[in-house]
Amino acid sequence: MATVQFAEVKKSFGAFPVIKGVNIDIQDGEFVILVGPSGCGKSTLLRMLAGLENISGGEIRIGGRQVNNLPPKDRDIAMVFQNYALYPHMTVAKNMAFSLMLNSTSQVEIDKRVNNAASILGLTHLLDRYPRQLSGGQRQRVAMGRAIVRDPQVFLFDEPLSNLDAKLRVAMRAEIKELHHRLKTTTVYVTHDQIEAMTMADKIVVMHDGRVEQIGSPLELYDNPSNLFVAGFIGSPAMNMIKGQLDPQNPQVFVAADGTRLPLPAAYPSAVGKNLVYGLRPEYIRLDGTGYRAEVVVIEPTGYETQIVVNFGGSEVTCVFRERVDVRPGEAITIAIDPANVHLFDAEGGQKISR
């Protein structure tokens with residue numbers, strides 16, 4: 001196990017910068033997820049850590065050792081790829097053992113490590129099969145087993161669940177998280193799926209356009225997003241965002257574009273006159289017969305809850321209700337807002353406005 005540090009790391013392809021001075025500290029044994037939309041630089045950053053891409057500036061350290069110019073084989077890392085990357089002509093056992101064979105590890109040690117990894121991953125009965133005889137989930141476990149047998153300082157996962165169906169992704173999320181609890185190896189995991197990030201990570205690094213937007217635990221990012229991008233990216237359904245300004249006579253009241261007056265948790269006198277965004281999570285809107293009137297646009301029952309999209313405050317707003325709601329599109333409901341859970345953002349720069 002080891003710490004990992006990115007210090008002002010940069011990467012350019014020709015004159016085009018794709019990583020723009022990234023700083024991340026990963027503690028020994030942490031499970032850290034790099035998350036962001038396609039093209040944000042997260043996979044490039046992982047490949048730089050693995051030694052598969054050269055860095056254009058800055059420093060990368062693993063276990064306190066600078067690895068900028070070390071080849072991948074000397075970094076003591078193991079990587080699990082999105083497409084499994086298994087050898088089709090080799091059995092499960094030989095796929096898992098291949099890197100050890102290249103390092104001239106004794107057959108006794110190889111058998112010990114392969115059998116131990118197979119036991120951890122539930123692959124013991126599949127060791128004599130070939131990749132074509134396995135399901136997608138089993139192939140991914142073999143790829144993970146190939147990484148485990150190396151006993152590296154750091155595990156790297158590059159969108160390992162993207163090729164699996166929805167039900168299997170949920171099962172594999174739990175398996176990977178349980179595996180980390182057992183092995184306690186420092187893990188860096190890349191995904192574009194914020195649900196994966198929220199459910200699996202000790203710490204999340206949100207990336208956008210080659211930069212780190214915010215770093216924190218899943219609930220820190222969910223409850224206290226530092227800017228509009230993080231607020232909109234983390235959470236499903238996404239945070240509602242209503243445009244407007246403060247009432248200059250009462251800076252504890254937000255006035256939406258259509259004139260709707262909404263409560264705030266405190267007064268924000270410094271934000272008077274600015275274009276603002278009123279951020280509210282869908283679960284903090286409740287049904288209330290004496291509240292605001294909102295027209296129903298879409299109803300999405302999921303069983304344990306009902307998501308309803310309404311026209312409100314000049315925007316389409318998503319509400320999440322645990323109770324059953326007997327309503328149809330075009331009808332109206334009355335809703336109330338809990339001001340204690342409201343976030344206020346600068347519409348121009350995107351930064352959260354402090355109280």
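A cavity here is a set of grid points where a 1.4 Å probe fits but cannot get out. Keep that in mind as you click around this predicted model: the structure holds 2 cavities of 30 Å³ or more, and the largest has a volume of about 40 Å³.

**Stop one: the largest cavity**

Select F31, F155, F157, I176, L179, H180, L183 and T187, and show them as sticks; these residues line the largest cavity. Now colour by secondary structure. Which elements each supply at least two residues of this lining? They are strand β7, at 154-158, and helix α5, at 166-183. Of these, α5 gives the most, with 4 residues. Switch to colouring by residue class and you'll see 6 nonpolar residues and 2 polar ones around the space, with no charged residue in the lining.

**Stop two: the second largest cavity**

Next, pick I242, Y278, L280, I285, F312, V317 and I337, which line the second largest cavity. The volume of this one is about 30 Å³. How does its lining divide by class? Into 7 nonpolar residues, with no polar and no charged ones.

**Stop three: the largest pocket**

Time to leave the closed spaces and look at an open one. The largest pocket holds about 580 Å³ of space. For a quick way in, select I77, A78, M79, S99 and R150 and centre the view on them: out of 22 lining residues, these lie nearest the pocket's centre.

Then widen the selection to the elements around them. Strand β6 (77-80) and the helices α2 (92-102) and α4 (136-148) each supply at least two residues of the lining. The largest share comes from α2, with 4 residues. Colour by class once more, and the pocket lining shows 15 nonpolar, 2 polar and 5 charged residues.

**Stop four: R146**

Stay with α4 for the last stop and select R146, which sits in that helix. Is this side chain's residue buried or exposed? R146 is buried, yet it has no salt bridge. Measure across to D158 in your viewer: that is the nearest side chain of opposite charge, and it is 12 Å away. A salt bridge would need a side-chain nitrogen within 4 Å of a carboxyl oxygen, so D158 doesn't qualify as a partner.

What does the R146 side chain reach instead? Add A85 to the selection and show its backbone: the side chain of R146 reaches the backbone oxygen of A85 at 2.7 Å. Leave both residues displayed, and you have the final view of the tour.

Note on methods:
Residues numbered from 1 in each chain as written. Predicted model: local features only at pLDDT ≥ 70, side-chain atom pairs only at ≥ 80, totals over all residues. Heavy atoms only, no water. 1 Å grid on protein atoms, 1.4 Å probe; cavity = no way out; pocket = protein on both sides within 12 Å on 5 of 7 lines; lining within 4 Å. Points joined across faces, edges and corners; volume = space filled by probe spheres on them. Nonpolar A, V, L, I, M, F, W, Y, C, P; charged D, E, K, R; others polar. Buried < 20%, exposed > 50% of the residue type's maximum accessible area, 1.4 Å probe, protein only. Lys, Arg positive; Asp, Glu negative; His and termini not counted. Polar contact = N/O pair within 3.5 Å; in protein donor to acceptor, adjacent residues only side chain to side chain.
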